[in-house]
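Trainee: I have a new structure to look at, and I am not sure how to read it. Could we go through it together?

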Amino acid sequence: MNLDFTIEPMSAWAPQSDLPLLIAGPCSAESEEQVLETARLIEKDHRAMVYRAGLWKPRTRPGTFEGVGYKGLAWLQKVKENTRLLTATEVARGEHVKLAIDAGVDILWIGARTTVNPFSVQEIADALRGHDVPVLVKNPINPDLQLWIGALERINQAGITKLAAIHRGFSPVSGSKYRNDPVWKLPIELKRLIPELPVICDPSHIGGARDLIEPIGQKAFDLQMAGLMIETHVNPEVALSDAKQQVTPARLTGILDEIVWRHAEAANKEFAHGLESLRGEIDELDSQLIDVLAARMNLVDEIAELKKRNDVTILQVSRYQEMLENRLQRAAQKGMSPEFIKLIFEQIHQNSIKRQEHIMNAAKV
Ligand code: PEP
Ligand code: MN
């Protein structure tokens with residue numbers, strides 16, 4: 001893949017700090033009071049550098065709050081006048097870009113639902129041409145790295161060199177504990193392909209729930225993400241959008257206190273980065289491993305119920321033998337040690353017998 005990016009370091013547009021760039025603010029600007037009060041409280045935490053607030057809201061269903069629109073620009077101007085925070089808002093059309101730049105918004109971001117559409121991204125890129133404003137590009141809602149890179153390219157080719165990506169997770173197929181699955185290997189691959197591109201994490205839209213923000217933020221920081229965007233609202237309970245995932249400014253401070261800000265610097269940077277990335281992937285695979293084992297045990301329970309109804313014994317030696325042989329063959333194809341795989345499957349089988357016995361015995365009256 002031929003990737004030709006010109007990207008300035010984040011220090012060219014973000015305030016200097018020992019910590020990653022911390023962006024906080026409400027999902028949506030709702031009223032002047034809510035915008036100013038939230039900003040005033042966020043500013044008290046010296047670690048927060050940028051104030052976010054959505055003015056034009058891409059909502060999944062019509063009939064919900066779709067943002068206050070351009071009139072919120074004056075509120076963001078007041079945030080700049082009254083606090084040390086930079087301001088940021090989402091743009092989805094060329095017209096938004098023009099209005100936001102004219103109003104002096106410091107940083108623009110492109111939302112996940114816009115990144116998926118090259119026509120929209122190109123319209124934004126065309127409106128950005130000739131301006132020198134930092135732009136953050138959220139990942140598309142589907143886990144398509146090429147589409148994400150394509151959007152970054154369109155913005156970069158319009159002359160925007162103050163560029164960063166935001167990882168906000170990907171629409172889950174079903175049954176995820178996350179609102180948007182954090183497919184960490186994608187931002188990691190993005191960082192590998194475009195090393196000079198800062199990648200920020202948005203744990204609020206990944207988690208979709210307040211209590212998931214700290215662990216996701218920790219993980220993002222451990223994977224050396226360049227910043228965090230955390231939705232923060234003076235009164236999250238009554239927020240007009242994303243109420244479940246927004247935190248109060250006090251909780252924002254709590255989250256920032258709880259996160260262990262490990263030193264990213266190491267004698268050998270490439271080693272440190274590689275190690276963190278690989279560990280991140282291992283964590284991800286391990287959690288998938290546990291999910292798969294849990295799903296397997298659920299099937300075992302179903303089998304036990306079936307056997308119970310039909311008065312069939314738990315252990316059928318021939319089936320166990322056949323299963324083991326088949327797994328060992330597959331393991332050999334993958335270059336895995338047969339002893340190791342045998343050991344694992346013996347453990348799995350033992351556990352599955354234990355569960356079946358439990359179900360069978362429970363059936364006895
Ligand atoms: C937002 O930041 O409020 C937003 C709409 O996010 P996303 O584009 O990630 O859904
Ligand atoms: Mn939101």
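Trainee: Let's begin with the ligand. How far does a polar side-chain atom of Arg168 lie from an oxygen atom of ligand 1?

Mentor: Remember that this is a predicted model. In the model, the distance from a polar side-chain atom of Arg168 to an oxygen atom of ligand 1 is 2.6 Å. Polar contacts are pairs of N or O atoms within 3.5 Å, so compare each distance with that cut-off. His205 also offers a polar side-chain atom, 3.3 Å from an oxygen atom of ligand 1.

Trainee: Which part of Ala112 lies 2.8 Å from a ligand oxygen atom?

Mentor: Here you look at the backbone: a backbone N or O atom of Ala112 lies at that distance from an oxygen atom of ligand 1.

Trainee: Which residues surround ligand 1?

Mentor: Among them are Cys27, Arg52, Lys57, Glu90, Trp109, Lys138 and Glu231. Pick out Glu90 and Trp109, because we can follow them into the strands: Glu90 stands opposite Trp109, which is in β4.

Trainee: How are the strands arranged overall, and what is the average twist?

Mentor: Follow them in order: β1-β2-β3-β4-β5-β6-β7-β8 form a closed barrel of 8 strands with parallel pairing. From one strand to the next, the twist averages 25°.

Trainee: How many bridges join β3 to strand β4?

Mentor: Count the bridges between the two: β3 (residues 86-90) and β4 (residues 107-110) run parallel and are joined by 3 bridges. In one of these pairings, Ala88 has Ile107 of β4 as its bridge partner. On the other side of the question, β2 (residues 50-52) pairs with β3 in the parallel sense, over 3 bridges. There, Val50 has Leu86 in β3 as its bridge partner.

Trainee: Which helix joins β2 and β3 in a β-α-β unit, and what is the handedness?

Mentor: Trace the chain from strand to helix to strand. Helix α2 (residues 72-82) makes a right-handed β-α-β unit with β2 and β3. The chain then crosses from β3 through helix α3 (residues 94-102) to β4, and this crossover is right-handed too.

Trainee: At about what angle does α2 run to β3?

Mentor: Compare the N-to-C directions: α2 lies across β2 and β3 and runs at about 160° to β3. Helix α1 (residues 32-43) lies across β1 and β2, at about 150° to β2.

Trainee: Why is β3 largely enclosed by the rest of the structure?

Mentor: Check burial residue by residue. In β3, 4 of the 5 residues are buried, so the strand is largely enclosed.

Key
Residues numbered from 1 in each chain as written. Chains lettered and ligands numbered in written order. Predicted model: local features only at pLDDT ≥ 70, side-chain atom pairs only at ≥ 80, totals over all residues. Heavy atoms only, no water. Buried < 20%, exposed > 50% of the residue type's maximum accessible area, 1.4 Å probe, protein only. Pairing = 2+ DSSP bridges. Right-handed = clockwise from strand over helix to strand, strands pointing away. Axes fitted to C-alpha atoms, helices over the stretch in contact; angles between N-to-C directions. Contact = heavy atoms within 4.5 Å. Near = heavy atom within 4 Å. Polar contact = N/O pair within 3.5 Å; in protein donor to acceptor, adjacent residues only side chain to side chain.
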